[in-house]
Structures are given as C-alpha cells and as structure tokens.
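Student: Please take a close look with me at a single part of this structure, the surroundings of what is bound. Explain each term when you first need it.

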Amino acid sequence: MASFTLQGIPVSRGIAIGRAHLLRPAALEVQHYLVAQEQVEAEVQRLQKALGQAERELQKIWSDLPADAPSELGAFLDVHSLFLSDPMIAQAPLEIIRTRHYNAEWALVTQIDVLLEQFDEIEDEYLRDRKADIAQVAERILKLLTGTANTLNKPVGVDELNTHMIVVARDISPADMMQFQDSAFVGFVTDEGGHSSHTAIVSRSLGIPAVVGMGNASHLIQQDDWLILDSVSGVVIVAPEQIILEEYREKLAELQRFRKRLTKLKKTSAVTRDGVTIELLANIELPEHAAAANEVGAAGVGLFRSEFLFMGRNGNLPTEEEQFLAYKSTVVAMKGRPVTIRTLDVGADKPLDETESATLNPAMGLRAIRYCLAEPQLFLTQLRAILRASAFGKVHILIPMLSHAFEIDQTLAMLEQAKHLLALQGIEFDHDIKVGAMIEVPAAAMSLPMFVKKMDFLSIGTNDLIQYTLAIDRADYSVAHLYDDVHPAILQLLDMTVKAANKAGIPVAICGGMAGDIRLTRLLIGMGFRELSMPPAQLLEIKQEVMNVDISQFSAIIKKILRSYDPEVIAEGIRALQAL
Ligand code: PEP
Ligand code: MG
C-alpha cells in the first residue's frame, strides 16, 4: 500500500508508532483490554457461554409466546436465532480472541462492526434492514457478557503481533478515553476535536501522543495500517516506508532519552536564573493520577478536575463517602502539598452521561457552577466531601465558570452551610479553607474587583477563556484554525487578571492549556505569573525552561507585546523572548 500523510492538530506532544485500531462509536461502549496468552481459552469460553445463554433466552421467549401473538414476532425470533448460530457471529469473534487477544466484548463488537458495514452495501432493502436485528443480537450477547466482565481482567501491553496500537476514531469522549490508560494503546487519532477539547486534555494528562481534528482520517485509515503519529508537528504517516519508519524509531528513542534525562530535575526547585521561584503544579483528573504528579515532583495539584469522578456512571453519582475517600486519597498522596479541588464542572463536552440530552448551545448552557447551584443537594454533598478531606492535608476549593456576583455569594453561602453542618456533627475540617475562582469567562476577567474582594485566589482557565473570548467552540475542529492563545484580547485579559490579583495581594495561577505550553512559558512568567498548573507529562520540560531564564531581561519585550494589537508584533516579541 502506498504511503500517505495526514495533517491535524497536535495536542499532546510525542511520537507513537503502531498499528491502527479503528473504533466505531458502538465499539466505544465496551471495555478494551488484551488478555494474557494463558487466559485466552478462558476468555473464549466466556464468550461461548454468553452465546449459549443468548440462544436459551431466545428459545424461552419463543416458548412463552402467547398463542395469539402476531406471526411476525416468531419470525423475528427466528432471524435472531439464525444470526446467533451463524459462524460470522458464533465463530469469528472467538478467532479474534485467539489471534488478537482482545477481550470478549471487544472481539464481539469488532466483528459486529465488520458485519454492519457489509450490510450497508447490500442493495436489497429487506436484507439491509436486517442490520437492526444484528445490532439487537449483539446487544443481547453483550448484556450477558457484562455480567461476567472484570473476572479475568488486566491489560497486558501488546497484541499477538507484538505491536502497539493507535486508536483511530471519529471522536472519543473524555470518559471513554480514560479506559485506554494502562493498556496497549500508544496514541490517539481523531477526526474531530480541537486544541483544548477535553479529549485533547485527557490525552495530555495520560501522556499519550494525540493528533485531533484530522477531518476524515477514520475513513482513510484502514484497520491494522501501520501508523507513525508525530504529535509534535501534527502529522500522521500512514503505511510509512521502511526508511521513514527507521527514522522515526530513532526520533522516538531520542525523545525517550530526553525524557529520562529530565527526570533528574524531579527534586530541583523551579527557580529562574535571577532567583524567582515559579510554582509548577499538576492538573489531574482522578486520584490515581496523583502518582504521576509526584513522579515529576509537582509542587502540588493545581487543578483536580473532580467531574471525572461523576462521568459515565449512568446516573449513579458518587456518594459523599465515595467522594471523600477519593479526595482524601489524593490529599494523602500529595503528602502535605496543596491540592486544589475544582468543584463539579460538567456540561458541554463533558456530559455526565452520553445519553444526556443536548441543549442548543451546551458550552453556554447549564454547566459548571451554574449546574451546581441548580442542584444544591449535589453541590452540598460535594462541598462536604471536600471539606472532610481538608482535615487530612492542604486543600483549596476552586469554583469553575463564575461570572456573576450572586453566583459567588450563593457559592460561599453553600460552603458556609456545609461547614455549619459538619461542625454540628463534630466532623473535622479546615475552617480556614481557601476558596478560589476560575477566571474563564471574559465577564469575570473584566470585573475582577468583584472577585478579588470575596475570593482567596484566582486561577485562569485559558481553555474556556479563549473559547468564550474568541467565540470558538473548543471541541469543533472546523473552527480550530481560529484558536489563538496569543490573540491581543487574550493577552489583555491575562494581563488585567495578574495585575488585579497582585494589587489585591491574592495568588493567581494559570491552570488552562497555556500553562503547559513551552512556547509560552517565558511570556507568562514575564507577564508576572508565578504559578502554572499543567499535565504532569509537561512539567519537567517546563521546569527546565524556567531554570534557563532570567526574567529581568524580559520586561522591555513584554511591554512591547502588551502594548501591541498587531499579531505580527506579538509573534515577533515571543520569538525575541525565545532567543534570549
Ligand atoms: C480551562 O478552561 O482552561 C480549564 C482549566 O478547565 P477545563 O479545561 O476543564 O474546562
Ligand atoms: Mg474550563
């Protein structure tokens, strides 16, 4: 096959080499893991058992049919039975388990996807309509399988060809992406998504290279194609020639050596050459990620996106106790270093459940603090859980999406209520817990006096600030070319925020994507930012950059950048900082 190259938006720096694994939307709903060689036959039997049970279920339905049931019902059951015993369903998935070591659910959906695609090409309308029957049969088997899932789990790295896999999909939700951590997947390629879509953020957090906004990559790339994913330049090379493959293997090895060298900086403080300390903190999505924050010597957790504890649970939201344990384990893992827990930020591209009905304009809808204030019981439960965890270490509370004074007041009143209830019950917590506002709506950045008066600290969410200021949906690749983190409007808002916080004497951090972008480190610390929170995978590289700079040299260039409304002058200024 001839090699070709596709271009997209690089969102998580790195290089991956592997075979394409195409994921259709249906396939995303099941677990994906590779079973170890010695577990393969047990996995085959698990699927065989489910197939047998499905057949018995169908027979039972048949025999229970009332005498006067419409005759088509019987006919449908016959069709389902026929499909169930067809080797394309009864045998082919078993082969996939044996040859590729996929878990049973994954093997089944992989095969069903192939069948459904074949049905799409059938001319005969009646036969084409049988697609729905196949999907229903698959559903029946999957239901039976999920009852026995998790019994033989555990991913084991690579498949039978001893190669890593790169997920190729139209889109992957942040919650779905989580299931690929610790597995055989080394990269993500998606048709949709933008620089700071939550899918991009999660891939950065997992430290897995990803290129998004590829347009129609999932149609152009075939299952099992060899891919090189270069998420430094945003290129995916399909079916690369041997010589290119060798070149990239060398680049990958060099990158790995570079990362290894960086680990030596783990215990070094991030201090500039002219003696200014920059706090480098970690963004995490789950308590388990605290380990990654510690591994790179983060000064604390600057953003714990607590919504990931709530997503994809079919309405079974975590209880106060479950949340408390999650927050506490993070706080304990950080050993006295601060943990900033952001209260639930759901909505837009982070729905609680995939089935949640979409509103007209979700990014501007009932998300984040708006959602929490509309669901006081849920919010109170979370605040209680966070407060309880604050008895075990240093915890800060961060409120997303604030824009109105009354939202600040209502939030603080809810917090007081939660404190009061805990105190009545004699439960310990930090009475002096610090509460901060995310500055991520332009209105907030333009009414800072309202915030600094009532809040203990600020943290800028540049992902949303850019989305709302430039009016571009952060997850929509068709407007991704308009994404500009150094647009004069953004720089002005950042400048206003850091100055207002400094004037009020309260700390200000950046926890959006700009904080972890090495191109911007000099600009941000030159502007006066002293706290940057980012995915752990980026922290050591940024630390090295911090240690290389002398901020006192920056001021003239920074002034020029901030005075200018000309993108060329701004770009030139950033290059000049780089050259110092
Ligand atoms: C942001 O908006 O920049 C941010 C940090 O929050 P999130 O990306 O989770 O919306
Ligand atoms: Mg945000």
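Tutor: Helices (H or I, at least four residues) and strands (E, at least two) are DSSP runs, numbered from the N terminus. This is a predicted model, in which local features need pLDDT of at least 70 and side-chain atom pairs count only at pLDDT 80 or more, while totals for chains, interfaces and linings use all residues. Residues are numbered from 1 along each chain as written, chains are lettered from A and ligands numbered from 1 in the order in which they are written, and side-chain values use heavy atoms, without hydrogens and water.

Let us begin with ligand 1. Helix α19 gives the largest share of its shell, three residues. The shell holds 17 residues in total (near means that a heavy atom lies within 4 Å), and those that come nearest to ligand 1 are R305, R342, G461, N463 and R474. Sorted by class, eight of the shell residues are charged, five are polar and four are nonpolar, where Asp, Glu, Lys and Arg count as charged, Ala, Val, Leu, Ile, Met, Phe, Trp, Tyr, Cys and Pro as nonpolar, and the others, Gly among them, as polar.

Three backbone contacts with ligand 1 can be followed along the chain, taking as polar a pair of N or O atoms within 3.5 Å. At G461, a polar backbone atom is 3.4 Å from an oxygen atom of the ligand; at T462, a backbone N or O atom lies 3.1 Å from an oxygen atom of ligand 1; and at N463, a polar backbone atom is 2.7 Å from an oxygen atom of ligand 1. The accessible area that ligand 1 has on its own is 290 Å², and the protein covers 100% of this area (Shrake-Rupley method, 1.4 Å probe). The elements that give two or more residues to this shell are α9 (198-206), β10 (301-305) and α19.

Now turn to ligand 2, the magnesium ion, whose protein donors are E440, through OE, and D464, through OD, at 2.0 to 2.1 Å from the ion. These two donors bring together distant parts of the chain, 24 residues apart, for E440 sits in the loop between β13 (434-439) and α17 (442-445), whereas D464 belongs to helix α19 (residues 462-469). Donors are N, O and S atoms within 2.8 Å of the metal (3.2 Å for Na, K and Ca), and sites may look incomplete because water is not among the atoms. Both E440 and D464 are buried, a word that stands for under 20% relative accessible area, with exposed over 50% and partly exposed in between (1.4 Å probe, protein chains only).

To set that burial in context, compare some loop residues elsewhere. D345 lies in the loop between β11 (339-342) and α14 (368-374), and D345 counts as buried because its relative accessible area is 1%. L360 is placed in the loop between β11 and α14 as well, yet L360 counts as exposed because its relative accessibility is 89%. H101, found in the loop between α4 (92-100) and α5 (104-120), has a phi near 65 degrees, a positive value in a residue other than glycine, and H101 counts as buried at 10% relative accessibility. A239, in the loop between β8 (235-238) and α11 (242-262), likewise has a positive phi, near 45 degrees, and A239 is buried with a relative accessible area of 16%.

Technical notes:
Polar contact = N/O pair within 3.5 Å; in protein donor to acceptor, adjacent residues only side chain to side chain.
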